[in-house]
Amino acid sequence: MSSEVTARHDAKKLVRSPSGLRMVPEHRAFGSPFGLEEPQWVPDKECPRCMQCDTKFDFLTRKHHCRRCGKCFCDKCCSQKVALRRMCFVDPVRQCAECALVSHREAEFYDKQLKLLLSGATFLVTFGNSEKSDTMVCRLSSNQRYLLLDGDSRHEVEVTRIAAVQMLTEGFPPGEKDMHTYTSLPGSQPVSEGGNARATGMTLQYTAPGAEGVTQLKLTAGEDANGSRRQATAWLVAMHKAAKLLYESRDQ
């Protein structure tokens, strides 16, 4: 893809919605796969009382809508203004206590883990059932839409085509399975993490354009003493978090 075409796809525009100013992609199809759409607000006529504390609205007790869930609350139950980057808001926006907590947790992904994914890490990469592994740098593209793998050859995996993610780990107590699975297939439920296991690799299942069935890609962190193993482990953890956000976006 040429730099000129990429620039057009990555172009953004400032729009005003009832919830506030948003910096959104000029072409909706090229938005981040981790983004969320703005919710429909519960109509004022359908919420005579706060949907959290049941306080009755009147001239003095005003209604406020949470920008994340769209529900209606009193000022006490919807007083926090928190950054909501998954909806591309320029400034922090009003959210209920429950949604504010979620947005605070997601801030770690954008402030720390997303930067790790963009900077990339080095892995031994195996495609499909091949017995050959190639050393490649895997990173997330600047528009967050592709996983880019660079080595002797170059490959792209569209993030929205990832169907399942399986984390390979070590460090479980004896007898426990040395593998953690998170699937983002429609209708599936995520499996929570546990223990102090260390990530050693990951398998991704995705659908390739023009190909039948599902393609598998395996990433394995190499053993070395120069710090790249640590970077690769941190990248795997960040990618696991990204998979969860991707699942939530599909389930919206």
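This note comments on a buried histidine, the salt bridges and a nonpolar surface patch in a predicted model.

1. Histidine 65 belongs to strand E3, which covers residues 64-65. Its relative accessibility is 6%, so histidine 65 counts as buried, the limit being under 20%. A polar atom of the histidine 65 side chain lies 2.7 Å from the backbone oxygen of valine 42. Leaving aside residues up to four places away in sequence, histidine 65 touches Trp41, Val42, Asp44, Gly70, Lys71, Cys72, Cys78 and Arg94.

2. The count of salt bridges comes to 11. One of them joins the side chains of aspartate 111 and arginine 85, with an N to O distance of 2.6 Å. Aspartate 111 lies in helix H2 (residues 97-119) and arginine 85 in the loop between E5 and E6, so this pair ties together parts that are 26 residues apart in sequence. Aspartate 111 is partly exposed, at a relative accessible area of 40%, and arginine 85 is likewise partly exposed at 40%.

3. Arginine 154 forms a salt bridge with aspartate 150 (2.7 Å, N to O) and another with glutamate 156, where the closest N and O atoms are 4.0 Å apart. Arginine 154 is partly exposed, at 47% relative accessibility; aspartate 150 is partly exposed at 26%, and glutamate 156 is partly exposed at 47%. Salt bridges that share partners also join Arg68, Arg86 and Glu106 into one network.

4. Leu14, Met23 and Val90 make a nonpolar surface patch of about 260 Å². Within this patch, valine 90 is placed in the loop between strand E5 (80-82) and strand E6 (93-95). Valine 90 has a relative accessible area of 44% and is therefore partly exposed.

Technical notes: Residues are numbered from 1 along each chain as its sequence is written. This is a predicted model: local features need pLDDT of at least 70, side-chain atom pairs count only at pLDDT 80 or more; totals for chains, interfaces and linings use all residues. Side-chain values use heavy atoms; hydrogens and water are left out. Helices (H or I, at least four residues) and strands (E, at least two) are DSSP runs, numbered from the N terminus. Buried means under 20% relative accessible area, exposed over 50%, partly exposed in between (1.4 Å probe, protein chains only). A polar contact is a pair of N or O atoms within 3.5 Å; within protein, one must be able to donate a hydrogen and the other to accept it, and residues adjacent in sequence count only if both atoms are side-chain atoms. Contact means heavy atoms within 4.5 Å. Patches are made of residues with over 30% relative accessible area and no salt bridge: like charges are joined within 9 Å, nonpolar side chains (Val, Leu, Ile, Met, Phe, Trp, Tyr) within 5 Å. Accessible areas come from the Shrake-Rupley method with a 1.4 Å probe; for residues, only the protein chains shown count as cover.
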